[in-house]
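Dear colleague,

Please find below the structure that I am handing over to you. My notes on what was found in it follow directly after.

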Amino acid sequence: MNPEEREELARLLPSPGEPVLTNDRHDLLEDHLMRELTEPTALALPELPELPELPALPALQDVATTPARRARAPRRRFAAIAVPLATAAAIVAAAVVVGADGSEKVTTDADAVDLLHRIAEVAATKESVPVRDDQYIYVRTQGSMKFSENDIRVLREASWTAVDGKREGLRRVTVLVGPPSRPRDPFSSYSKGTHDTRLSPDPNVTTYRELQALPTDPDALLKNIYASTKGEGQTRQSAALEKIGDLLPDATLLPELDAALYRAAAKIPGVSVVPDAKDYTGRPGIGLTFKERDDRTVWVFDKNSLAFLGSTDEALLDVGVADETGETPAA
């Protein structure tokens, strides 16, 4: 086939679906989709009107996680400390300097770096949460998954991940916007309603205990992240930023690490401020975006407390520690 024929064929093919959820969460969901094609479909609850938290289903399907990086490593609350934001007056773009050879060199905006350090200072004031090995890290988020141009499903996900990574966890996906369940639908686990799957122990998934072992010196932490993401992303900076974004939710239970992640991000060029950002659910805040981030995802923070709200692609709704899977942590 010559290049012209190949190009013509490519135009005729439909565009592949692409996730709006973070990459690792999408990898886990995609793995489950593939299992749906070869195994009996998962049991689903009937369509429900509103569903913050629902009881576990009687029958669950085992899901082996993929060896890819997860956006679901461990996940959050801040003290309500008001921090003045001089950066909120106008959008501050990262400066691009054109060198003598015509190449662009990204420089970091000082106000954006200052904001990251302010966020780190607030994060460091949180109280550390005592966590036992027999407990679970509970995280609840909301995002979407794109199956086609006309089929974008809104998902609310709650997960319970074993602190030590040695026991089964639970993922509860509630499809808020999506088609109803249909007979022989290979994607029935993503039809409207609530669907539970077991999370099998996986050595490739970052556990809460492994998060605790990460260095809290920003330079050492960034070096560690560069090493763990080597060969990923278009650049090492974009891969590092994606990794940091993946770790932020779980890390909010670890104040020193949480602060170190923001300080490490401040060392990556190209950060800029979005003064009037909104997370996926529409909660307003102040945002940060990076030129090096492939998808230009915006991290969103409450303007008063600087609490991490999630991003424009995925809202963080709750984080805590639970004694049992399916149990919602006390407020």
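How many residues lie between β8 and β9 in the hairpin that they form? In this predicted model, the answer is five, and G282 in the turn has a positive phi of about 95°.

The two arms of the hairpin are strand β8 (residues 271-278) and β9, which run antiparallel and are joined by six bridges. Within this pairing, V273 stands opposite L288 in β9. Strand β9 also pairs with strand β10 (residues 299-301), again antiparallel, through three bridges. Here G287 of β9 is placed opposite V300 in β10. Of the seven residues of strand β9 (residues 284-290), six are buried, so this strand is largely enclosed by the rest of the structure.

I turn next to the nonpolar cores. The largest has 47 residues, and those with the most contacts inside it are I244, L261, Y262, L288 and W299. Helix α3 (residues 110-124) gives the most to this core, contributing eight residues. Nonpolar side chains tend to be buried together in soluble globular proteins.

Y262 may serve as an example from this core. Apart from its neighbours within four places in sequence, Y262 is in contact with L116, I119, A120, A123, L248, F301 and F308. A second core, separate from the largest, has seven residues, among them Y136, W160, A162 and A322.

With kind regards

Notes
Residues numbered from 1 in each chain as written. Predicted model: local features only at pLDDT ≥ 70, side-chain atom pairs only at ≥ 80, totals over all residues. Heavy atoms only, no water. Core = buried A, V, L, I, M, F, W, Y, C linked by side-chain atoms within 4.5 Å. Buried < 20%, exposed > 50% of the residue type's maximum accessible area, 1.4 Å probe, protein only. Helix = DSSP H or I, 4+ residues; strand = E, 2+ residues; numbered from the N terminus. Contact = heavy atoms within 4.5 Å. Pairing = 2+ DSSP bridges.
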